[in-house]
Structure formats: C-alpha cells, structure tokens
Amino acid sequence: MQSADDMDPQNPQSFNHRYEKLSTGRTYHFVRRVHVHTSMSNPAQIDQLPQGYDRKRHPTLLLVHGFPDLWRIGPWVRRGCRVIAPDMLGYGGTSKPVDPAEYSTKKLCADLAALLDALGIKKAVLIGHDWGSFTVGRFALWYPNRVLALIMMSVPFTPPAQDYVPLEEIARRVPNFGYQLYFANPRSNLEILANLRKFLRITFSHTDSDLDFASLGSLEKTLLSPKVEVNEKPCLLNDKEFKYYHSELQKGMFGPLNYYRTTKHRHEEESAFGLDSYLRPDLPFLFMWGTKDQTAAPAVIEKSRKFIPRYQDIALEGRGHWLMVEAKEERKTMKFPSTFSSAMSQQTKEEDEIPPPERPPSPPLHTTFAVRGIHPPNFPAFKPRDYRIPSHQSMNHVAWSCDGKKLAAVGIDKLTRVWNPEKSLELRSATTYAGGHSDDVDYVSWNPTHPELFCTSGQKDRRIVFWDARQSRYIQQCPLKASPVQTCYAPDGRSLLYATAGNQLFFMTFGKTGDDIKEEWHMSDREAQIGSTAIFNHVGDAIVVAHQTEHTVRVMDIPTMKVIESPAAHVGGCVALALDPRGRQVYFSAYLASGGHDSIVNMFDLNDWICARTITVCENSINALSFSYDGEYLAIANAGSYIDIVSPLSRVDQLSSSHLFQCATETGIPLHRVPALAPSPTVAWHPSKYLIAYCGQTKVREGSPANAVVSTFGLLE
C-alpha cells in the first residue's frame, strides 16, 4: 500500500472516493482513507476507519484545501485518525455553481457542517490550508461547538471586519496580495485555463525560485508572456500529482477563482449576523507557517494572536507556502506542542459521535435489467440494413418524424428524401422534396408536435426551408445572413434555434408579426449566443449549449439567457449533446449525454449536474449521440466505422476488438458495436422502437465507386 501522501485516485485500495448530496443542496466529492487488506475486492463497501481506530483516543480530522489545490490525506491517518478530505466547492467532483455569491464562507461552512451531519460526526478537528485555512477559521466562528481543535496552515486567522474593505485596498495595504486582484477579474478564468500547465508550474514553483507570484501584476505578466519559460523551473508536484491536478482543474477555473470574488458577499453576511471576532476560549489552536511564504505577512500573524485565547504556532524555517508538499518529512515526525495535544485529547475523550441521519437506503446505481423487469432486445441477432445511393458525396444527416413513420435523409444534393421504413428504404421508394434549396442540403429536423412538418438547412445557400410532407412544395423559405449547420425545434414546435458555421446560435419563432394575416417563421429578437451545438430541455424553458473549443457545457435560462449551470465536460471541446427522454423516476435520474473530441461520453445527472458516468468505449472523436425512446440505451456515432450501443446506467471501461458484443464490466449489461460501412456523422433512435438510423459514405475501392449510404439497425417490425 502506498504512502498516504501520494495521490492516486485510480487505486481504490488506497483511497475511497464518495459523493454525497448534502442537505444544503450541493453535492460534495470527498475521500476517506482506507486501511483494509489488499485482497478485499470491494473496499468501497467497507467502513472507512483506520486499523486500531478508537474514537475515545483518535479524533476525526476534516481537511479543507485551498487554491488551486485538491483533496490530500497527508500523514494524519498514520496517527490512527479518521480522515475526511473533500474537494471544496467548485473543485474536482464537487458542485460548481457559477454565481460567486455561492462561494461565501458562510455557505461553505454550512456545506462542511452538512457533510459532518451526513457522516454522523458531531465534532471534528478542522485542518485548513490557504483558502481552506480561512474557511476553517470562519467555521470555528459560525459553528463553534462543532470544532474539537483548529489547525490553520499558511494563512493566519483574520477576524470579521467592522467596515467593508475592497480587495483593491487590501492589495494596497499588503502588496503581496496583489495577485488576488487578477484572480478576482473574470477574464482570469479563460486566461489561466488556456495556460494551465504554465500556471501550475508558477503556482507550485520551488520556494527558492525567482518567479514572482504575489506582487501586483507579476503573475499576470509571467503567465501571459510567451518570453517567460517555466518548464525548466523546479516544481513541487511530482509527475503523478501534476497530471492529476491538470486533469481536474481543466474541468474549469471559474469555481476556484470565485473564492476571490466573495469579499463583499462575505462582509454583508458576517455583518448582518454580527459574527464574533474571537475564537472559543477553550478551543485548542495551532498555526503552522513557512518563514519564506510571501503570503504569510508577519504583521497579520501578530495581529491574529489577540483574537485567539489559546494561540500556539510552529514556524517551519526555510519553507514556503505549500507545506503539505514542502514539509513532508517534518510533518511525519512533527510533535505538536504538549498543551495543544493534551487539550485536543481531553476534548476527544468527552466526545460522543451521533448516529448518521436515517434515510431510505440508496438503490445500487448499477441495477440490472432483470431486477427492474426490463427485457432488452437481443441485439446480436440483428444485422445492419445498408442502402447505397450512388454519389461522390456523403449523406450528412438522418432524422425520424415524431410518430416514427417517416425517415428523412439529406446531404448529397439539393433534395430531401423521405422513406416509410416499414415498407422500404430502397432509393426508388423515397419521396423527394425539391425546389427549396439552391445547393446541397445539410441538416433535417422534424417538428416534435406534428408528424408531417419538418425543416431543412443548407450552409452554402444560407437557408432554412420549412416543409409539409403532404405537399411537394415548401411552405416557407427563410434566407439567413449566416450559414446554418444545425437546427433544433423547441418541445412546443413553435420555436427553433440554429447553430451557424461561425459558432453562433440564433432563434426563430412561429407566429404573426405586424400586420401579418397568417403565422409564419421569423427571426426572434432574442440576442445571439455563442455555441456550436445546442438543444432545448424537455420543457422548453432552457437550452443546453456546447462549443467545439470549450471544455464546459452551459445550461441557459429562457428567456433571460442567464447561465444557470456550467459543468465541466471535455478536455478537447464538446461536439454532441443528447437529452434522456425520461424524467425524474423513483430510482433513476434523467441524464444529459455529452460527447467530445476526446472520444469520451459523459453522463450528467440533471438533478445536480454532477457527471454520474463516463463512457470510454470509443477510440475516435464523437460525432453524434442519441437516446432510445425509453432512455435505456445510448447510441454513439464517432469517426470510426461503427456505432456503439451502451446502457447509460452501466459502467463502461472498454470494448474488445469485436465489432458486435461485449458486456459492462460491473453488471453484465450487454453492449453492442454495430459495424458501419462508413463513419457516420449522425445517429438517431426511432421514437418508439429499438431501432437506430445512421448514414455516411463508403470508401472508394478498386473497381467500385463511392456511395452515400443510409443504414438501420434493430427491431423494425
């Protein structure tokens, strides 16, 4: 078993990762140290207490990290302590609200208290570093009777201010806090994210490095200047830690940086409550700091003493800000001051744990089909049905009508072809619709409320054309200023959004304008948004937006267009979205699926916007996603010549090289790889059957030309 200082989240025998939906409404990811025999096959089901743990002698430690840090177990577990280390709000797997006001220390402390409640812990020793130090200091004021002892690292205790002091004034008074002004500026979100590797090397640079981090303007200048090279500078993180920090912080920097945007919110909450300035008189307190830490101002440290009746400190000579990694050896052998240790021990002996709150048992996430009374189709018995159309171009898009009786395909010319699949998908059986476009048609969407109405769009002629399948001529033609690449109807069929080649989103509405006699489609006065793909939610009062170069997806309210959620999704940009047709049920949540250039599909629980599942079966960039009508299956089209069918409720690690069949690694739920004649740019489930449609273009082979192809797979009857 590895050292407790090492961070290896992929080793479940070393760390147990858990998620908890708190009474505050936020979901927290946290880690608890596991001390079990390595032969245990499922340590996640074992009580996470160290060997030899005695609650009368060993307290529970709650570790609270700072910026831009993550959970760390540290050496505490080797002392027989029960250790809990959460990802704080905005980090890792914990909720990431967009509004900075959600990151006030009052709300953070409420989250920590709720976490202790959820684990049945009445009191704990709180240990914080950096922003975590500030937070645990405030916790001792907001919840004084829940703290056994307080250990603050690097950032000294500061009492609530009587008068509001803007961050600009704080930076003027303490010049080494100048970096906080840059972090408080919203533009730092993307600038840091775009230079994340460089930022981590600057932030975790060695104490003796000549890089200036703290003073006003220095961090920004170093980070954004291409002339400043930091790759050769020594870094305090080892390779494994650096990779893990980079992967986690790539999920978004707006959450971690929001802590620096709470100064006014924090003051208003503390003033309204009249929060005390003094820590509890009998509270054991210890402050640890490095003598070379630029942010540990001696004047602030000295001032803090008068507000802490039992103040004690340990100064680590020659150490800087990152004591957890710089002072590993010291912490392994460190002996706390005797008065601190005895006071903490006495309080521990007097402490009784409270039982965890009673609640209905959570059903297993990977519940099998049999348990739920579902009889999945025998996918291996099906064969793809491929219909070739002579063309040197690819078929770009297919879509089902809302009743499933019609399948439309576009892409190779100016025509839209519509079939009744129950009769035939031969070329001669298609009904063609012409005259609406002057160049190739790229995309087709059916109205979700009427089985005969659909629209088509073309990039080259910059048009959206509306059709009635009962008529051969279009019913309305709408010229546009930008080239549309995707269209999506609102659930009521009276609004439409389209994405353009310039990565903008525009809205159209159906109704009367001015003196119009009849209702028609017209451009909405709603402001254009940035995005390369978007879908409406089931109600139509919000949209989910993704951008092919952004790592997050945005949930935007209609009509205000305010971003209400922004979960991190993909490292290489998000290119595909699909919404689970199920609503909230007894045991299962509805999901949003997102696919990216990174070949990963993420499943977001729509209740808390936490990524509940990551599907990694694909070896290529994702092109399109589609849920089956009942939400039990997800079809994934990608740049490879196959379609993957998976169960969103299963954990999927990999498929074998077989094209057709493999099982989920935890449940045995069948997964299917459907061979395709060509990479498909799209895939669509039938609205009431286990049947998918997809399309593409075959490769040119010796003696045979390329063909556009439309294919189906599944239960047609």
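1. In this predicted model, strand β16 (residues 463-468) and strand β17 run antiparallel and are joined by four bridges. Within that pairing, V465 stands opposite Q477 in β17. The side chains along β17 (residues 476-479) alternate: Q476 and C478 point to one face and are buried, whereas Q477 and P479 point to the other face and are not buried. The residue facing V465 across the pairing, Q477, therefore belongs to the face of β17 that is not buried.

2. A separate point concerns the open sheet of four strands with the order β10-β11-β12-β13, in which the pairing is antiparallel. Its edge strands are β10 (397-400) and β13 (431-433), each of which pairs on one side only, and the twist from one strand to the next averages 20°. Edge strand β10 is held to strand β11 (residues 407-410) in the antiparallel sense over four bridges, with A399 standing opposite A408 in β11.

3. Another open sheet of four strands has the order β23-β24-β25-β26, again with antiparallel pairing. Because β23 (533-536) and β26 (563-565) stand at the edges with a single partner strand each, one side of each is left without a neighbour in the sheet. Neighbouring strands here are turned by 35° against each other on average, with direction ignored. The partner of β23 is strand β24 (residues 542-546), which runs antiparallel to β23 and is joined to it by four bridges; in this pair T533 stands opposite A546.

4. Turning to helix packing, the axes of helix α1 (residues 105-118) and helix α2 (residues 131-142) come within 9 Å and cross at roughly 75°, which means that α1 is roughly perpendicular to α2. On the α1 side, the residues that meet α2 are T105, K106, L108, C109, L112, A113 and L116, and on the α2 side they are F134, T135, R138, F139 and W142. Sorted by class, this contact has eight nonpolar, two polar and two charged residues.

5. Which residues does L141 contact, leaving aside its neighbours within four places in sequence? They are F157, P160, L275, D276, Y278 and L279. L141 is found in helix α2, and with a relative accessible area of 8% it counts as buried, because the cut-off for that class is under 20%. One of its contacts, L275, lies 134 residues away along the chain, and the C-alpha atoms of L141 and L275 are separated by 7.0 Å.

6. Helix α6 (residues 196-203) is mostly covered, since six of its eight residues are buried. The buried residues are L196, K198, F199, L200, I202 and T203, a list that includes a lysine and a threonine alongside L196 and F199. These buried residues pack against α4 (179-184), α5 (188-194), α7 (218-224) and α8 (239-249).

7. A last point is about cysteines. How many disulfides does the structure hold? The structure holds zero disulfides. Two cysteines may be listed with their accessibility: C235, at 22% relative accessibility, counts as partly exposed, and C402, at 32% relative accessibility, also counts as partly exposed. By contrast, C478 is buried, on the face of β17 to which Q476 also points.

Methods. Residues numbered from 1 in each chain as written. Predicted model: local features only at pLDDT ≥ 70, side-chain atom pairs only at ≥ 80, totals over all residues. Heavy atoms only, no water. Axes fitted to C-alpha atoms, helices over the stretch in contact; angles between N-to-C directions. Helix = DSSP H or I, 4+ residues; strand = E, 2+ residues; numbered from the N terminus. Parallel < 35°, antiparallel > 145°, perpendicular 65-115°, else oblique. Contact = heavy atoms within 4.5 Å. Nonpolar A, V, L, I, M, F, W, Y, C, P; charged D, E, K, R; others polar. Disulfide = S-S within 2.5 Å. Buried < 20%, exposed > 50% of the residue type's maximum accessible area, 1.4 Å probe, protein only. Pairing = 2+ DSSP bridges.
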